[in-house]
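Thank you all for making the time this morning. I would like to talk through the empty spaces in a protein that most of you will not have looked at before, so please have the model open as I speak.

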Amino acid sequence: MLPSQPLLHAAVFALAVLQALASDTFTAAVYEHAVILPDATGEPVSPDDALALMNKNMDVLEGAIKEAAQQGAHIIVTPEDGIYGWHFTRETIYPYLEDIPDPVVNWIPCTDPTIFAPAPVQERLSCMARNNSIYVVANIGDKKPCNSSDAGCPSDGRYQYNTDVVFDPEGKLVARYHKYNLFMSETQFNYPKEPEAVTFETPFGKFGIFTCFDILFREPAVVLVSELQVDTVLFPTAWMNVLPFLTAVEFHSAWAMGMGVNFLAANTHYTSMSMTGSGIYAPDGARTYYYNMKTEDGRLLIAELDSHPRLSPASPPAVNWSSYALSVERFSPNDHDFRGCIFYDWFTFTEVTKPEWNLTVCQKDLCCHLSYKVAEKQEDEVYVLGAFDGLHVVEGQYYLQICTLLKCKTTDLNTCGQPVETAQTKFETFSLSGTFGTNYVFPEVLYSGVQLAPGEFEVLNDGRLISKTRPTKPVVTVTLFGRWYEKD
């Protein structure tokens, strides 16, 4: 017997729904937000005043969320500190905090706000997600009471956490993450007792989430990708750019490539603290990004991504980062190596002096090899090849191995390693490699004006970072940024 027409229509509809729920691609959005900051005060404001400030920021975020949804975005990430700003003490941030429950409670604040009251911020974020049928990712503050039976309980009787929340298109709280690696100025918050590895499933892949400084550490960043095999990482951040390697757009793009995942980075926008640089990144390069140190504008970015990037034909092959460098002899002895400082780390440099050459520079166990040909050398520009192999100990402790070709700030070699954003020199070819002791290496190419080079370079499976375009655009730096987590 043939099915009736209504049953046939129902079956077709159900099939269409299932196909939609298993999408091969999805549309992502991030919003770089010029945060409205509270007035400087040494005393806590009232809860009403705190909520008024947060509502001003959420008004802006809600406009971005609506626009993203109208353009077909399935998920939007907003920045760290994007709802209340920064420069707080434990006491002054307290009026801005809410008690955020574990998502196992299966809670939709928009439709049932009183269960964990008062929670006006969570209620409003939930409604933004529900009213626009979009996943909303935001950063807020969590408070958890504790008592003397807890040996770690602070003297004020509460834990305070820098916290990311995710609401699904129904407005349900589906993820809560407490930042584990706090930046040195975040004295208003507590460290969680254990690192959290937070993931959640969507119709377009498995997602993980962490915050800002977390990206430089094994837990939770590497755990999410290498052990829990997430497809996409969500990354609220308040990133202060540090040239030449830790500029937001170049490092976040490189991290996505090195880890083989999608990466949705939403930065705050505050140029007086060098905060800018948001993007939507895939393993094969940036899909869209924004870097603007000239004005105080926010920016909505939208792009399409593969739901399962590891299965994509464009997914880069596995790389043995030391294979090539270990197989070659040192290109040439350097009689003129010198030391230079980058972000408080002492590199070994050698000057790039000839129009075409092979160079090697070594520090400890790391030797960096460069083959290059200059296309248009500017007489007033100096480049060096540098190597660093050691423990960085300034705002945190993490072990680095870095190979870099970089432009010096001036022709004075003492300026090599100082921040620089512009260049005029183009290269016909370059190939950079190193004898890395770690498999976690992130490839960066930064052009003049803090411009990325998506599709204009590639990493070979033997660990060489090579140019694809001839000539390149003017180069600020070409870098292999290695993290040797085991040696931290």
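The lining of the largest cavity takes at least three residues from domain 1, 21-306, and at least three from domain 2, 322-487, and I should say at once that what we are looking at is a predicted model. This cavity holds about 100 Å³ of space, and of the 14 residues that line it, those closest to its centre are Phe245, Leu246, Phe343, Asp345 and Phe481. Two elements give two or more residues each to this lining, namely strand 14 (345-352) and strand 18 (398-407), and strand 18 supplies the largest share, with 3 residues. As for the character of the lining, 12 of its residues are nonpolar, 1 is polar and 1 is charged.

The search of the whole structure gives 2 cavities of 30 Å³ or more, and the second largest has a volume of about 50 Å³. Its lining includes Asn262, Asp284, Arg287 and Ser315, and by class it divides into 4 nonpolar, 3 polar and 3 charged residues.

Let me turn to the two domains themselves. Their centres, taken over C-alpha atoms, are separated by 33 Å, while the contact involves 27 residues of domain 1 and 30 residues of domain 2. About 2,500 Å² is buried between domain 1 and domain 2, with carbon and sulfur atoms giving 75% of that area, and the count of salt bridges between these domains is 0.

Now for the pockets. Where does the largest pocket lie with respect to the domains? Domain 1 and domain 2 both give residues to its lining, and therefore the largest pocket lies between them. It contains about 720 Å³ of space, and among the 36 residues that line it, Met257, Gly258, Pro316, Pro317 and Val319 are the closest to its centre. Helix 6 provides the largest share of this lining, 6 residues, and the other elements that give two or more include helix 5 (218-227) and strand 20 (441-447). The lining is made up of 21 nonpolar, 9 polar and 6 charged residues.

The second largest pocket holds about 530 Å³ and has 25 lining residues, with Phe183, Ser185, Cys212, Ala238 and Met240 nearest its centre. Its lining, too, draws at least three residues from each of domain 1 and domain 2, and it consists of 17 nonpolar, 3 polar and 5 charged residues.

Terms used
Residues numbered from 1 in each chain as written. Predicted model: local features only at pLDDT ≥ 70, side-chain atom pairs only at ≥ 80, totals over all residues. Heavy atoms only, no water. 1 Å grid on protein atoms, 1.4 Å probe; cavity = no way out; pocket = protein on both sides within 12 Å on 5 of 7 lines; lining within 4 Å. Points joined across faces, edges and corners; volume = space filled by probe spheres on them. Helix = DSSP H or I, 4+ residues; strand = E, 2+ residues; numbered from the N terminus. Nonpolar A, V, L, I, M, F, W, Y, C, P; charged D, E, K, R; others polar. Domains from an automatic or database assignment. Contact = heavy atoms within 4.5 Å. Buried area = accessible area lost by both parts, 1.4 Å probe. Salt bridge = Lys/Arg side-chain N within 4 Å of Asp/Glu carboxyl O.
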